[in-house]
Amino acid sequence: MADPITLTTLLLAGAAAAGTELVKEGTKDAYRNLKDKVGELFGPRATKALAKLEDPATQEQGKNDLEVYVGGTLEADEASQIEPFVKALVHALKEDVAGSSAAHARVGLDIVAGGSAFIREIHNASEIVVKVKADKDVTIEGIRMNPGKDPGK
């Protein structure tokens with residue numbers, strides 16, 4: 001099931017893909033269907049947050065708003081209602097070459113460990129954000145970034 005961070009990231013990828021001219025109509029439809037379902041489940045404030053995601057000038061605010069309105073955890077009934085739409089968009093993005101290249105691969109980790117924390121083998125991410133609270137060592141290895149359009153940024 002999708003959690004709010006995953007859902008927000010997927011919606012960001014969908015918004016990026018839907019705004020790309022070469023993306024297949026099926027991918028755009030999958031994004032619109034997921035967006036409509038999120039608005040239906042979480043109300044008009046979530047719908048406004050989704051509109052902000054599509055505008056680069058307000059995207060960060062939309063992301064923050066969406067995480068507030070969706071909440072910390074999806075209820076079981078919300079997750080079961082939204083799951084087919086999430087799967088459809090993930091499938092469409094994977095199948096659509098233009099859609100997958102338009103999606104921004106972002107990895108976000110928030111780890112609390114009583115002992116040591118190990119982060120291994122993250123590949124082709126455009127952005128990685130890691131927040132770790134560990135009682136012992138933190139080890140990060142095997143990270144290969146996707147250089148994308150702006151290498152070194």
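## Close-ups of a predicted chain

**View 1. Thr27 and the residues packed around it.** Setting aside neighbours up to four places off in sequence, Thr27 makes contact with Ala17, Leu89, Ala92, Leu93 and Asp96. Thr27 itself sits in helix α2, which runs over residues 25-42. Is Thr27 buried or exposed? With a relative accessibility of just 4%, Thr27 falls under the 20% cut-off, so Thr27 counts as buried. Some of its partners are tucked away too: Leu89, Ala92 and Leu93 are among the buried residues of helix α5. Bear in mind while looking at this and the other views that the model is predicted.

**View 2. Helix α5 from end to end.** Helix α5 takes in residues 76-95. How far apart are its end C-alpha atoms? They lie 28 Å apart, and that agrees with the 28 Å that 20 residues should span at 1.5 Å a residue. There's a bend to look for as well: α5 turns by about 40 degrees at Ile82. A proline, Pro84, comes within four residues after that point. Ile82 is also one of the buried residues of α5, a set that includes Glu78, Ala79 and Val86.

**View 3. Glu83, on helix α5.** Here's a residue of α5 that is neither fully hidden nor fully out: Glu83 has 24% relative accessibility, so it counts as partly exposed. Which residue from elsewhere in the sequence can you pair with Glu83 in this view? Try Leu34: the two are 49 residues apart in sequence, yet their C-alpha atoms are 9.3 Å apart in space.

**View 4. The two faces of helix α3.** Helix α3 covers residues 44-53, and its buried residues are Ala46, Ala49, Leu50 and Leu53. These four sit on the same side of α3, because they cover an arc of only 105 degrees around the axis. The general rule helps here: an α-helix has 3.6 residues a turn, so residues three or four places apart point the same way. What does the opposite face carry? Turned away from the buried side are the exposed residues Pro44, Arg45 and Lys48.

**View 5. Arg45, out on helix α3.** Arg45 belongs to helix α3. Its relative accessible area is 57%, over the 50% cut-off, so Arg45 is exposed. For a landmark, find Leu66, which is 21 residues away in sequence and 8.1 Å away in space, C-alpha to C-alpha.

**View 6. Ser116 in the loop between β1 and β2.** Ser116 lies in the loop that links β1 (106-113) and β2 (117-125). Relative accessibility here is 33%, so Ser116 counts as partly exposed. Which residues does Ser116 touch, leaving out those up to four places away in sequence? They are Lys136 and Asp137. Asp135 is worth picking out too: its C-alpha atom is 6.6 Å from that of Ser116, although 19 residues separate the two along the chain.

**View 7. The whole chain, and how far to trust it.** Zooming out, you'll find 6 helices and 4 strands, in the order α-α-α-α-α-α-β-β-β-β along the sequence. Of the 153 residues, 31% are buried. The mean pLDDT is 76, with 74% of the residues at 70 or more. Residues 1-5 have pLDDT below 50, and beyond near neighbours in sequence this stretch has 11 contacts in the model. Where pLDDT is low, the predicted coordinates should not be read in detail.

Technical notes: Residues are numbered from 1 along each chain as its sequence is written. This is a predicted model: local features need pLDDT of at least 70, side-chain atom pairs count only at pLDDT 80 or more; totals for chains, interfaces and linings use all residues. Side-chain values use heavy atoms; hydrogens and water are left out. Helices (H or I, at least four residues) and strands (E, at least two) are DSSP runs, numbered from the N terminus. The expected span of a helix is 1.5 Å times one less than its number of residues. The bend at a residue is the angle between axes fitted to the seven residues ending there and the seven starting there. Buried means under 20% relative accessible area, exposed over 50%, partly exposed in between (1.4 Å probe, protein chains only). The arc is that of the directions from the helix axis to the C-beta atoms. pLDDT is the predictor's confidence in each residue, from 0 to 100. Contact means heavy atoms within 4.5 Å.
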